[in-house]
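Here is a guided walk through a protein chain, taken one region at a time. Keep the viewer open and follow along as we go.

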Amino acid sequence: MATALDSQRLGLIFQSRPDIIEGIERAADSPGRISLFNKIAGHVYGMLHNDGEPALKRRKVDPATDAANGTQQAAASSGNASDEPVLLHVKEISVSVPQRKKLEICLSQNFVYARAPGTAAPVPGMTYAWKDIEYLFYLPVPEKAQIQHNYVLFPRGTCLPSKDSPPTVEPLVFTVPATAPKEGTVGGTEAPSAAAVSDTYESLFHWAFERRLRAAGNARDLVAADPSKFHSVVRQPHRPNERAVHVSGFRGSKDGYLFFLDTGILWGFKKPLIFIPLNRIAAISYTQILQITFNMVVEIFSGEGEPNEELEFGMLDQQDYRGISDYVARNRLQDRSMAEQRKARLQLAENRGPKKGSGEGEGGDAEGGTELEKAQFEAEQQLQNDEDEDEEDYDPGSEGDSEGSGGSSDEGDDDGDGEEYGDGDGDDDEDEDDEAQAEDEGVNPEPASTPAQRPRAEPVKKTSHVPVRQGWAAMASSRPTDDVDMEEKFEVM
């Protein structure tokens, strides 16, 4: 008789992941594989429902029979967290997601939940089984004068938004200060053991979460941000001496913060929260590149036969590009900024010729930079060249020069008279004659080219030049045919 796949046990283990069950059923195409999948299912089931009991002593019982025997798995199967004794509870905790309230965080054998002060029942929609916790984070709260941190819990199937089937449960986010818990706020049967680790909220919750997850057979680790691996270069106005581990940005019209962590990229802390695991990232692209900001598009693997989805985060500071690029390279993620479908948005630096007059130092910096830096350099260089061309085209004295050229014929006539009656020294002698005549008339001497110019752009100077031109014209018209006396007078002076 052929061995059948234990679909019932697989359904209990992967009830929140039907895609995994479908994959196992497709892969179980031989007796050897069916037997292997059944062994794996039995081992995982035993770890989840026997509280760490050795596999050799595992009882092969039905879940309904186990519940009838009155074990602790009865509460887990029924999903009623209020029926379990509270091992640890912490009062006066600020919860921001799913609801923004001051609540109590309670930890039992199989659940973590939030309840209102003075009540025993959990708040609807805020109960989470330890075995269903998929990701757990401890991150600083940005833009706060006092140091605070958020604990973020993602149940299975809630880390990525889904348009087709939105999750029925939301992540849990609550905030703790950097101080120690107040006296009387910590209670429960494990409160005496927790007193040794209650120096801060951080040490208390770290100890409690790791203890409960390990007891439930969930091997998830609590992930925190590491400034040595990623930090923003933008200075924090509220805490300037502390390196920020987030990047401010927008998703649509909602502002938020990106955290580049060891296990993936988290976007928070407003609904909907998003966490993109590294193994779900197909590629990262940079778009809408400006001088101050740029956008980042994360391409996410979808299910089999479905196109990949894209999540875009906008208005990221250009100063953080280097850190994000290093994060992408360190985790061996694919950069598709230069893909064919995105080349229309960004003209690459190598596709454009070098600009004339650009400095060698700037050109050297652009050659050695990344594609984003090259494009930014070219855009700035083009803007600078356009400004230089505008300055070269503008000439405030061009109008006056064109009009002054018309008077050169009169000046030429005067020069001809000077050559006819002068001693043949050319323009120098004529300039001396002009200065001498101007002094006789009590007018300050001006260069020979001055009467020919009509600076209309300066009407104030025009009134002062008119008498000089009129006086000079009168003297030129009444000049005697023999100006020897004038030259002699000039020599005496």
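A word on exposure before we set off: a residue counts as buried under 20% relative accessible area, as exposed over 50%, and as partly exposed in between. Please also keep in mind that this is a predicted model.

Let us begin with the whole chain. DSSP runs give 15 helices and 16 strands. Of the 493 residues, 37% count as buried. Among contacts with a separation of 6 or more, 53% are between residues 24 or more positions apart.

Our first stop is helix α7, which covers residues 201-215. Does its length fit its residue count, and why? At 1.5 Å a residue, the 15 residues of α7 should span 21 Å, and the end C-alpha atoms are 21 Å apart, so the two values agree. The buried residues of α7 are Tyr201, Leu204, Phe205, His206, Ala208, Phe209, Arg212 and Leu213. An α-helix has 3.6 residues a turn, so residues three or four places apart point the same way. With that in mind, you can follow the buried positions from Tyr201 through Leu204 and Ala208 to Arg212. Just after α7 comes Gly217, with a positive phi of about 80 degrees.

Further along the chain, strand β10 (residues 246-251) and strand β11 (residues 254-260) run antiparallel and are joined by six bridges. Within this pair, Val247 stands opposite Leu258. The two strands form a hairpin with two residues between them, and Gly252 in that turn has a positive phi of about 70 degrees.

This part of the chain also takes us to a cavity. The structure holds six cavities of 30 Å³ or more, and the second largest has a volume of about 60 Å³. Its lining is made by Ala224, Ala225, Asp226, Lys229, Phe230, Val245, Phe260, Leu261 and Asp262. Phe260 in that lining is also the last residue of β11.

Next comes the loop between β12 (264-268) and β13 (274-277), where Phe269 has its place. Most residues other than glycine have a negative phi, and most peptide bonds are trans. Against that background, two peptide bonds here deserve a look. Gly268 and Phe269 are joined by a cis peptide bond with omega of about 10 degrees. The bond from Lys271 to Pro272 is cis too, with omega near -10 degrees, and Pro272 lies in the loop between β12 and β13.

We now reach strand β15, residues 293-300. On one side it pairs in the antiparallel sense with strand β14 (residues 281-287) over six bridges. It also pairs in the antiparallel sense with strand β16 (residues 309-317), over seven bridges. In the pairing with β16, Val298 has Leu311 as its bridge partner.How many of the residues of β15 are buried? Eight of its eight residues are, so by the under 20% cut-off the strand is mostly covered. In a regular strand the side chains alternate between the two faces of the sheet. In β15 both faces are covered: one has Thr293, Asn295, Val297 and Glu299, while the other has Phe294, Met296, Val298 and Ile300.

Asn295 is a good residue to zoom in on. Why does Asn295 count as buried? Its relative accessibility is 14%, and buried means under 20%. Thr287 of β14 stands opposite Asn295. The side chain of Asn295 makes a polar contact with the side chain of Glu312, at 3.0 Å. A polar atom of the Asn295 side chain also lies 3.1 Å from the backbone nitrogen of Met315. Leaving aside neighbours within four places in sequence, Asn295 is in contact with Ser285, Tyr286, Thr287, Gln288, Glu312, Phe313, Gly314 and Met315.

Two of these contacts lead to our last stops. Gln288 has its place in the loop between β14 and β15, which form a hairpin with five residues between them. Gln288 has a positive phi of about 50 degrees although it is not a glycine. With a relative accessible area of 48%, Gln288 is partly exposed.

Met315, found in strand β16, is likewise a residue other than glycine with a positive phi, near 60 degrees. Is Met315 buried, exposed or partly exposed? Its relative accessible area is 49%, and the in-between class runs from the 20% cut-off to the 50% one, so Met315 is partly exposed.

Note on methods:
Residues are numbered from 1 along each chain as its sequence is written. Side-chain values use heavy atoms; hydrogens and water are left out. Two strands pair if DSSP finds at least two bridges between them. Helices (H or I, at least four residues) and strands (E, at least two) are DSSP runs, numbered from the N terminus. Buried means under 20% relative accessible area, exposed over 50%, partly exposed in between (1.4 Å probe, protein chains only). A polar contact is a pair of N or O atoms within 3.5 Å; within protein, one must be able to donate a hydrogen and the other to accept it, and residues adjacent in sequence count only if both atoms are side-chain atoms. Contact means heavy atoms within 4.5 Å. The expected span of a helix is 1.5 Å times one less than its number of residues. On a 1 Å grid over the protein atoms alone, a cavity is a set of points where a 1.4 Å probe fits but cannot get out, and a pocket is an open set with protein on both sides within 12 Å along at least five of seven lines; lining residues have an atom within 4 Å of a point. Grid points are joined across faces, edges and corners, and a volume is the space filled by probe spheres set on the points.
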